[in-house]
Amino acid sequence: MKVHLQRAGNGPPLLLLHGLVGSARNWQQNIDFLSLHATVYAIDLFNMGESERVAGLDAGLKATADGLAALLDALDLRQADIAGHSHGGAVALMLAARHPERVRKLVLFAPANPFCDFAHQAIRFYQTPFGSRIARLIPWLPRRLKATALSRMYGDPTKVVKGTLEGYTNGLQVPGTMDHILHILQSWFDDMRLLSGVLSRLAEKPTLLIWGDRDRTVGVSSAHRLQQILMKSQLLIIPGVGHIPFAEMPEECNRAMGDWLFDPQPVSLPNTAHKAA
């Protein structure tokens, strides 16, 4: 299939993976900074954004992770750093578990994980025939309703900058997009069980976890459970911030990513860091 990506900069490769609903445009406030240090590949994940739509594509975590390994081959990249958000963070974890030699370091922004049940009720609803029909109406809702939904992802809704909403909504009306999202939701609980079974493989993988303490989608309490397994992880919790820290507090997150990925000296963050907004 054809995969759309935005490439910028020179240096060690860094892949950016967006969440369940989104695109490469979600990283608009991060790419310029990161490209000073790395060759950045902001990916429109399979069947999302401006990437090609392929009917019947396996939407599970394993298949998506294997597809990203094939994408690394196509880009002639032996190894890369991976940054992922929400569902994209779960994909990054599965990629690192199944293809550990392809992933140098991870940066995970509130990754979907087996230890959080915040969204379980909504996922079960969308798994029903009625919920599926409701989900297919979402791309056609008025813009103001979509903007309201996005603002709930922020601790401070005034931090939503121009163009952010379009990065999440522009591809939704493309035929096949909602089918793919619903397929992800149909396999959600099976995928989380699979992810739980392979997390122990990542005990030695250097991982930076970044969370907002006002995250209503992936609870910050699950970050501590992840840390117990990811022995070489560090956790940055940003006060007052919601589910999309890299967009709500881009300068702080850019500095944290830069220090973690590119600083030749060991990062001096404590095991759990609380920084003032």
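Colleague: How many residues in the lining of the largest pocket count as nonpolar, how many as polar and how many as charged?

Modeller: In this predicted model, the lining divides into 25 nonpolar, 10 polar and three charged residues. Leu, Val, Tyr and Met count as nonpolar, and the residues nearest the centre include Leu20, Val21, Tyr126 and Met153. Thr217 is also among those nearest the centre; Thr belongs with the polar residues, because it is in neither the nonpolar nor the charged list.

Colleague: How many residues line the largest pocket, and what is its volume?

Modeller: There are 38 lining residues, around a volume of about 1200 Å³. Rolling a probe the size of a water molecule over the atoms is what shows where empty space is left.

Colleague: Which helix gives the most to that lining?

Modeller: That is H4, with five residues. H4 spans 120-127, and helix H6 (143-151), helix H7 (164-169) and helix H8 (177-186) likewise supply at least two residues each.

Colleague: And the second largest pocket, what is its volume?

Modeller: The second largest pocket has about 170 Å³. It is lined by 16 residues, and Leu45, Phe46, Leu57, Thr64 and His180 are the closest to its centre. Two or more lining residues come from each of helix H2 (61-74), helix H3 (87-98) and H8. By type, the lining holds 10 nonpolar, five polar and one charged.

Colleague: Let's turn to the surface. What makes Phe125 eligible for a nonpolar patch?

Modeller: A patch residue needs over 30% relative accessible area. Phenylalanine 125 has 32%, so it passes that cut-off. Phe125 joins Phe130, Ile134 and Leu137 in the patch, and together they have about 350 Å² of accessible area.

Colleague: Is phenylalanine 125 then called buried, partly exposed or exposed, and why?

Modeller: Buried means under 20% and exposed means over 50%. With 32%, phenylalanine 125 falls in between, so it is partly exposed. This residue is found in helix H4.

Colleague: What is notable about the phi of asparagine 47?

Modeller: Its phi is near 65°, a positive value in a residue other than glycine. Asparagine 47 has its place in the loop between strand E3 (39-43) and H2.

Colleague: Why is asparagine 47 called buried or exposed?

Modeller: The relative accessibility of asparagine 47 is 2%, which is under the 20% cut-off, so it counts as buried.

Colleague: What do you find at alanine 110?

Modeller: Alanine 110 is not a glycine, yet its phi is positive, at about 40°. It is found in the loop between strand E5 (103-109) and H4. Its relative accessible area is 0%, so it is buried by the under-20% rule.

Colleague: How do you know whether aspartate 76 is buried or exposed?

Modeller: Aspartate 76 has 70% relative accessibility, over the 50% cut-off, so it counts as exposed. Aspartate 76 lies in the loop between H2 and strand E4 (80-85). Aspartate 76 and alanine 110 are 29 Å apart, C-alpha to C-alpha, with their positions 34 residues apart in sequence.

Colleague: How are proline 12 and alanine 38 placed in sequence and in space?

Modeller: They are 26 residues apart along the chain, and their C-alpha atoms are separated by 4.9 Å. Proline 12 is found in the loop between strand E1 (5-8) and strand E2 (13-17).

Colleague: And what makes proline 12 buried, partly exposed or exposed?

Modeller: Proline 12 has a relative accessible area of 38%, between the 20% and 50% cut-offs, so it is partly exposed.

Methods
Residues are numbered from 1 along each chain as its sequence is written. This is a predicted model: local features need pLDDT of at least 70, side-chain atom pairs count only at pLDDT 80 or more; totals for chains, interfaces and linings use all residues. Side-chain values use heavy atoms; hydrogens and water are left out. On a 1 Å grid over the protein atoms alone, a cavity is a set of points where a 1.4 Å probe fits but cannot get out, and a pocket is an open set with protein on both sides within 12 Å along at least five of seven lines; lining residues have an atom within 4 Å of a point. Grid points are joined across faces, edges and corners, and a volume is the space filled by probe spheres set on the points. Helices (H or I, at least four residues) and strands (E, at least two) are DSSP runs, numbered from the N terminus. Patches are made of residues with over 30% relative accessible area and no salt bridge: like charges are joined within 9 Å, nonpolar side chains (Val, Leu, Ile, Met, Phe, Trp, Tyr) within 5 Å. Accessible areas come from the Shrake-Rupley method with a 1.4 Å probe; for residues, only the protein chains shown count as cover. A salt bridge is a side-chain nitrogen of Lys or Arg within 4 Å of a carboxyl oxygen of Asp or Glu. Buried means under 20% relative accessible area, exposed over 50%, partly exposed in between (1.4 Å probe, protein chains only).
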